[in-house]
Amino acid sequence: MMIRYASYFIAALLPLLLFRWFAPASIGEIDFWLLWLVAMVLVALPVIYAEIALAYRSVEGPVAGMQKLTREADASPVWRSFGWLAALVSITIAALVISGASTGILAALTELNSVPSIPSFAVAAGLMVITVLLSLLGVAPLPIGLGLMVIGLLLGIANGIPHIGFAMTGISLTEWARAVALALVSVGAGTGLYWFGQNLVSKQTVTAVADDSQQVKSRAAAREYRATKLVLPIWILQLLIGVVALFLSGMVLPPIGQLLYWVGVLFVASYLLHYSTQQLTHKFGLLVSLIITFALALLLVMAIPTTWLVSLLVIISSIAVLLLSVFAGWQMKISHLRKSLNFGSEAFYNLWRIAIRLIVPLALILALIGWVMQWLS
C-alpha cells in the first residue's frame with residue numbers, strides 16, 4: 001500500500017525540503033511567483049508527463065528503462081546517461097539536505113545549551129551513516145519524515161508567520177533561472193523519482209497477479225490507463241504544497257521544531273538514497289551500489305560547501321531534464337509515446353509534444369544562461 005503512494009509523498013515533501021534554498025531571496029516578488037507558475041505549467045508538467053510515459057513504456061526503472069528504450073528507438077547510448085544523472089541528482093539532493101540538517105540540528109542544540117563537543121563535519125558524517133541505514137527500509141521512512149517535518153513547521157507557525165511585503169520587480173533571466181530551478185528541482189521533475197515510483201507500482205501489480213482471472217483484470221486496467229490520472233494529482237499536489245512552502249521558507253523555527261523538522265528530513269533523504277542505490281544496483285549489485293551511494297554522498301557533504309551544492313544541483317538537474325526532454329521529444333517513436341500517454345484528445349498530445357520538443361529545451365537553456373549571469377555577477 002505504501003509503495004502506491006510513494007510518488008505523492010515525494011511530491012509533497014520535495015517543496016518542503018528544497019524551497020528554503022531557492023525561494024527566500026524572491027519570496028516577496030510577485031513577478032517571481034508568476035514566473036514560477038509559468039515554469040510549473042510549461043516546463044515541469046510536460047517533463048512529469050514524459051517520465052510517466054517512459055516508465056509505462058519501459059516497465060523498468062530509469063537506468064534499466066533507458067537501456068531498453070534506446071534499443072527500441074535505435075538511439076545512441078548517450079541518452080542512457082539520463083538514468084545515471086537522475087541517480088546523481090538524487091544523491092546531490094540528499095547531500096544538500098543532510099548538510100542543512102547537520103547545521104540546523106547543531107543550531108537547535110546550541111539554543112538548548114546541549115550542543116555536543118564534536119566537530120560539525122563529524123555530525124554530518126554521523127547523520128549520513130544514519131540516513132544510509134534508514135535507506136534500507138525503502139519507502140517506509142517517507143510518511144514518518146513527512147509527519148515530523150509537518151509537526152516542526154506547525155511549531156514554527158505557532159510562533160507566528162513572518163510578514164511578507166509583496167511588490168512587483170523587474171523581470172530578468174536570473175529571476176527566470178531561479179523560477180525554473182524551483183519548478184524542476186524542488187518538485188523532482190527529471191530526477192526519475194516518479195518514473196521509479198511508477199515502476200514500483202507496476203512490479204507490485206505484477207507480483208500480486210496470481211491466476212488467469214486476475215491477469216485478465218490487469219490487462220483490462222492497462223487498457224484504461226491514462227497518464228493524466230497519474231500526472232495531474234502529482235502536479236496539483238506540488239503546486240499547492242509549493243505555495244505553502246514559499247510562504248514558510250523564510251520562517252524561523254523554535255529549537256524543538258528545528259530538531260523535529262531536520263530529523264524528518266533525514267527520513268526523507270533516506271528514500272532518495274534508496275532510490276539511487278536501486279538504480280546503481282542494475283549495474284553494480286546491491287552491496288557495491290550501497291557503498292558507492294554512501295561514499296559519493298559523504299564526499300559531497302564533507303568536501304563541498306552548501307552554496308556550491310545548490311549550484312551543482314542546478315547544473316546536473318538541468319542537464320538531466322534537457323536530456324530527458326530531447327530524448328522523449330525527438331528520439332522516441334511518436335506511436336509509442338502516444339500509446340504510453342493515452343490522452344483523451346489528439347490536441348492535448350500535440351500540445352505536449354510541442355512543449356517537450358521546443359518549449360522545455362528553450363526554457364532550460366535560458367535558465368542556464370540566467371544562472372551563469374548570476375554566478376558571474
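This talk walks through a few side-chain features of the structure shown above, which is a predicted model.

Let me begin at the surface, where Leu37, Val38, Val41, Leu42, Trp330, Ile354, Leu358 and Ile359 together make a nonpolar patch of about 650 Å². If you look for the elements that give two or more residues to this patch, you will find helix 2, which covers residues 30-58, and helix 15, which covers residues 346-376. Of the contributors, helix 2 gives the most, with four residues. One member that you may like to pick out is isoleucine 359, which belongs to helix 15 and has a relative accessible area of 32%, so that it is classed as partly exposed.

Please keep tryptophan 330 on your screen for a moment, since this residue of the patch also has a charged partner. The charged end of arginine 357 is placed over the ring of tryptophan 330, at 3.6 Å from the centre of that ring.

That brings me to the aromatic rings. How many aromatic pairs does a search of the whole structure find? The search gives 10 of them, and I will show you one in detail. Tyrosine 261 and tryptophan 262 form an edge-to-face pair, with 5.0 Å from centre to centre and 85 degrees between the planes. In case those two values seem an odd choice, a pair of aromatic rings is described by the distance of the centres and the angle of the planes. Are tyrosine 261 and tryptophan 262 buried or exposed? Both residues are buried. Elsewhere, ring pairs join Phe196, Tyr271 and Tyr275 into a cluster.

Next, I would like you to find threonine 277, which has its place in helix 11, residues 255-284. With a relative accessible area of 4%, threonine 277 falls under the 20% limit and therefore counts as buried. A polar atom of the threonine 277 side chain lies 2.7 Å from the backbone oxygen of leucine 273.

Let me turn now to the charged side chains, among which the count of salt bridges comes to two. In one of them, arginine 57 is paired with glutamate 72, and their closest N and O atoms are 3.0 Å apart. Why can we say that this pair ties together parts of the chain? Arginine 57 lies in helix 2, whereas glutamate 72 lies in helix 3, residues 62-73, so the salt bridge ties together parts that are 15 residues apart in sequence. As for their surroundings, arginine 57 is partly exposed at a relative accessible area of 24%, and glutamate 72 is partly exposed too, at 27%.

There is also a salt bridge in which the side chains of glutamate 346 and arginine 338 meet, with 3.0 Å from N to O. Here glutamate 346 has a relative accessibility of 39%, so it counts as partly exposed, and arginine 338, at 33%, counts as partly exposed as well.

I will finish by going back to helix 15, where you can find glutamine 374. This residue has a relative accessibility of 29% and is counted as partly exposed. If you follow the chain, glutamine 374 and arginine 178 are 196 residues apart, and yet in the model their C-alpha atoms are separated by 9.9 Å.

Technical notes: Residues numbered from 1 in each chain as written. Predicted model: local features only at pLDDT ≥ 70, side-chain atom pairs only at ≥ 80, totals over all residues. Heavy atoms only, no water. Patch = residues over 30% accessible without salt bridge, like charges linked within 9 Å, V, L, I, M, F, W, Y side chains within 5 Å. Areas by Shrake-Rupley, 256 points an atom, 1.4 Å probe, with all protein chains shown as cover. Salt bridge = Lys/Arg side-chain N within 4 Å of Asp/Glu carboxyl O. Buried < 20%, exposed > 50% of the residue type's maximum accessible area, 1.4 Å probe, protein only. Phe/Tyr/Trp six-rings, centres within 6.5 Å; stacked < 30°, edge-to-face > 60°. Lys NZ or Arg CZ within 6 Å of the ring centre and 35° of its normal. Polar contact = N/O pair within 3.5 Å; in protein donor to acceptor, adjacent residues only side chain to side chain.
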